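Q: Please take a close look at the charged side chains here, and then set them in their surroundings. I would like a connected account that I can follow with the model open beside me.

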Amino acid sequence: MLLRPFELPAGATVGDALDALGEPLAATLRSRIEADALGVAVYGKPRTLESVLNDGDRVELVACLVVDPRTARRQRVQQRRADGGDPRWKRR
């Protein structure tokens, strides 16, 4: 996790916050956001680059899910059952 506090003018957008990171990093992040490889959120709620920030907002860059969490859990349970793990995982 990378935390960088910034002072931005009133009415600044998420895109302005990205620009405050500096040119090479901001350009890379913008291209990944536009390619849907990264998402933008403010306190966990999805936002766009044009969303206006309020004082004290935390901008988050989040990676897209690779696998559905329910599918991942199902696969872990099947693996534990196959490995002969905890008896609670055995089917009756």
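A: Aspartate 19 and arginine 30 form a salt bridge (a side-chain nitrogen of Lys or Arg within 4 Å of a carboxyl oxygen of Asp or Glu), and their closest N and O atoms are 3.3 Å apart. This pair links distant parts of the chain, since aspartate 19 belongs to helix H1 (residues 14–19) and arginine 30 to helix H2, 11 residues apart. Helices (H or I, at least four residues) and strands (E, at least two) are DSSP runs, numbered from the N terminus. The model is a predicted one, in which local features need pLDDT of at least 70 and side-chain atom pairs count only at pLDDT 80 or more, while totals for chains, interfaces and linings use all residues. Residues are numbered from 1 along each chain as its sequence is written, and side-chain values use heavy atoms, with hydrogens and water left out.

Both partners count as partly exposed, a class that lies between buried (under 20% relative accessible area) and exposed (over 50%), judged with a 1.4 Å probe and protein chains only. Aspartate 19 has a relative accessible area of 41%, and arginine 30 has one of 24%. In general, side chains of opposite charge can pair when their charged atoms come close.

The structure holds 3 salt bridges. In another of them, glutamate 60 and arginine 58 meet through their side chains at 2.6 Å, N to O. Here the two partners fall into separate classes: glutamate 60 is buried because its relative accessible area is 17%, whereas arginine 58, at 40%, is partly exposed. Arginine 70 and aspartate 68 also meet in a salt bridge, with 3.6 Å from N to O. Arginine 70 is exposed, with a relative accessible area of 61%, and aspartate 68 is partly exposed at 33%.

Glutamate 60 falls within the range of strand S3 (residues 59–63), which pairs with S1 in the antiparallel sense over 5 bridges; two strands pair if DSSP finds at least two bridges between them. S1 also pairs with S2 in the antiparallel sense, over 3 bridges. Valine 42 of S1 takes part on both sides, as valine 42 stands opposite valine 59 in S3 and has lysine 45 as its bridge partner in S2. Of the 5 residues of S1, 5 are buried, so S1 is largely enclosed by the rest of the structure. Leu38, Val40 and Val42 point one way from S1, while Gly39 and Ala41 point the other way.

The ends of S1 lead into loops that hold residues with positive phi. Ahead of S1, aspartate 36 lies in the loop between helix H2 (23–34) and strand S1 (38–42), and its phi is near 60°, a positive value in a residue other than glycine. Aspartate 36 counts as exposed because its relative accessibility is 60%. Beyond S1, tyrosine 43 sits in the loop between S1 and strand S2 (45–47). S1 and S2 form a hairpin with 2 residues between them, and tyrosine 43 in the turn has a positive phi of about 50°, although tyrosine 43 is not a glycine. With 44% relative accessibility, tyrosine 43 counts as partly exposed.

Returning to charge, Arg73, Arg76, Arg80 and Arg81 gather in a patch of positive charge on the surface. Patches are made of residues with over 30% relative accessible area and no salt bridge, like charges being joined within 9 Å and nonpolar side chains (Val, Leu, Ile, Met, Phe, Trp, Tyr) within 5 Å. Arginine 76, one of the patch residues, has its place in helix H3 (residues 69–82) and counts as partly exposed at 43% relative accessibility. Proline 69 also has its place in helix H3 and, at 47% relative accessibility, counts as partly exposed. Proline 69 and valine 59 are 10 residues apart in sequence and 24 Å apart in space, C-alpha to C-alpha.

One further position belongs to the segment before H1, where alanine 12 lies. Alanine 12 is buried, with a relative accessible area of 5%. From alanine 12 to threonine 28 there are 16 residues in sequence and 20 Å in space, C-alpha to C-alpha.

Methods. Accessible areas come from the Shrake-Rupley method with a 1.4 Å probe; for residues, only the protein chains shown count as cover. Lys and Arg count as positive and Asp and Glu as negative; His and the chain ends are not counted. The place of a charge is taken as NZ of Lys, CZ of Arg, CG of Asp or CD of Glu.
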